[in-house]
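Subject: The structure I promised you

Hi,

Here is the structure we talked about, ready for you to open and turn around on your screen. Have a look at it first, then read on.

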Amino acid sequence: MLRKTGLRIKTPSMAIYIEENILLEISNYQKQRQFKLESGGIIIGYYDSSESALRITNITWPQIDDICGRYRFIRKETGHQEIMDRLWEQSGYKKSYLGEWHTHNQRRPIPSLIDCNNWKNISKRQHNFNQQFFIIIGTMCSGIWMAEDRKIQKVGEWDNNGTIM
């Protein structure tokens with residue numbers, strides 16, 4: 001059974017709080033066992049200065065123009081950008097793009113060389129935050145990585161119940 005609160009992951013530079021609704025969406029996806037094609041989207045949230053934490057509040061799901069393949073997911077801008085813009089306005093211009101997520105048909109996901117190269121390229125672009133975050137959802141657990149200045153490090157991992165591993 002999924003825990004009733006969000007997940008807090010501490011990094012050397014900050015805490016990351018993944019809200020309960022995101023954990024529930026990920027858990028529900030894992031239960032459906034639809035890993036034949038990779039899926040993905042963007043990660044959205046904001047910096048909560050009262051908790052000194054980055055809060056992940058929303059994710060987008062594959063949109064009509066995205067390419068979902070057996071060993072790849074290519075996110076197109078259409079759909080995701082409109083969702084991001086709407087959430088940005090609705091939040092009083094607080095929520096921002098934090099990174100990307102996608103699935104792997106692995107129990108314990110490991111980023112591929114293509115994943116790492118994409119993450120490095122994304123981290124080079126101008127964003128509202130110095131770090132970008134990347135989640136890979138596996139069949140039994142999920143992991144989160146942080147990229148800053150083209151350097152990537154794993155910052156956390158949790159199982160289907162939202163328990164840190």
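Below is what turned up, starting with the whole chain and then moving to its cores and its empty spaces. One thing to keep in mind as you read: this is a predicted model.

The overall build

The protein chain has three helices and 10 strands. If you walk along the sequence, they come in the order β-β-α-β-β-β-β-α-β-α-β-β-β. The radius of gyration is 15 Å, close to the 15 Å that the globule rule gives for 165 residues, so the chain is as compact as a globular protein of that length. Along its principal axes, the C-alpha trace spans about 40 × 35 × 30 Å.

Half of the story is inside: 50% of the 165 residues count as buried. Contacts also reach across the sequence. Taking those with a separation of 6 or more, 59% are between residues 24 or more positions apart.

The nonpolar cores

Which residues touch the most other members of the largest nonpolar core? They are Ile16, Ile18, Ile56, Ile135, Ile144 and Trp158, out of 23 residues in that core. Many elements chip in with at least two residues each, including strand 1 (7-10), strand 2 (15-18), strand 4 (53-59) and strand 9 (141-148). Helix 1 gives the most, with four residues.

Try clicking on Ile16 to get a feel for this core. Leaving aside its neighbours within four places in sequence, Ile16 is in contact with Leu7, Arg8, Ile9, Thr11, Leu54, Ile56, Phe133, Ile144 and Val155. Apart from this core lies another one, of 12 residues, with Ile44, Ile83, Tyr97 and Trp119 among them.

The cavity

There is one cavity of 30 Å³ or more in the structure. The largest cavity holds about 40 Å³ of space. Its lining has 11 residues, and Leu23, Trp158, Asp159, Asn160 and Gly162 are the closest to its centre. Helix 1 and strand 10 are the elements that give two or more residues to this lining, and helix 1 has the largest share, with four. Sorted by class, the lining has four nonpolar, six polar and one charged residues. Notice two familiar names here: Trp158 turned up in the list for the largest core, and helix 1 gave the most to that core.

The pockets

Now for the open spaces. The largest pocket has about 610 Å³ of space. Its lining is made of 26 residues, and Glu38, Arg72, Phe73, His102 and Asp115 lie nearest its centre. Strand 6 (73-74), strand 7 and helix 3 (113-124) each supply at least two lining residues; helix 3 gives the most, with five. What classes of residue make up this lining? It has nine nonpolar, seven polar and 10 charged residues.

The second largest pocket has a volume of about 260 Å³. It is lined by 15 residues, and those nearest its centre are Ile42, Arg75, Gln81, Met84 and Tyr97. Helix 2 (80-90) and strand 7 are the elements that give two or more residues to this lining, with the largest share, five residues, coming from helix 2. By class, the lining splits into four nonpolar, five polar and six charged residues. Tyr97 is worth a click too, since you met that residue in the 12-residue core.

Have fun exploring, and shout if anything is unclear!

Cheers

Notes
Residues are numbered from 1 along each chain as its sequence is written. This is a predicted model: local features need pLDDT of at least 70, side-chain atom pairs count only at pLDDT 80 or more; totals for chains, interfaces and linings use all residues. Side-chain values use heavy atoms; hydrogens and water are left out. A nonpolar core is a set of buried Ala, Val, Leu, Ile, Met, Phe, Trp, Tyr and Cys residues joined through side-chain atoms within 4.5 Å. Buried means under 20% relative accessible area, exposed over 50%, partly exposed in between (1.4 Å probe, protein chains only). Contact means heavy atoms within 4.5 Å. On a 1 Å grid over the protein atoms alone, a cavity is a set of points where a 1.4 Å probe fits but cannot get out, and a pocket is an open set with protein on both sides within 12 Å along at least five of seven lines; lining residues have an atom within 4 Å of a point. Grid points are joined across faces, edges and corners, and a volume is the space filled by probe spheres set on the points. Ala, Val, Leu, Ile, Met, Phe, Trp, Tyr, Cys and Pro count as nonpolar, Asp, Glu, Lys and Arg as charged, and the others, Gly among them, as polar. The radius of gyration is taken over C-alpha atoms; the globule rule is 2.2 Å times the number of residues to the power 0.38.
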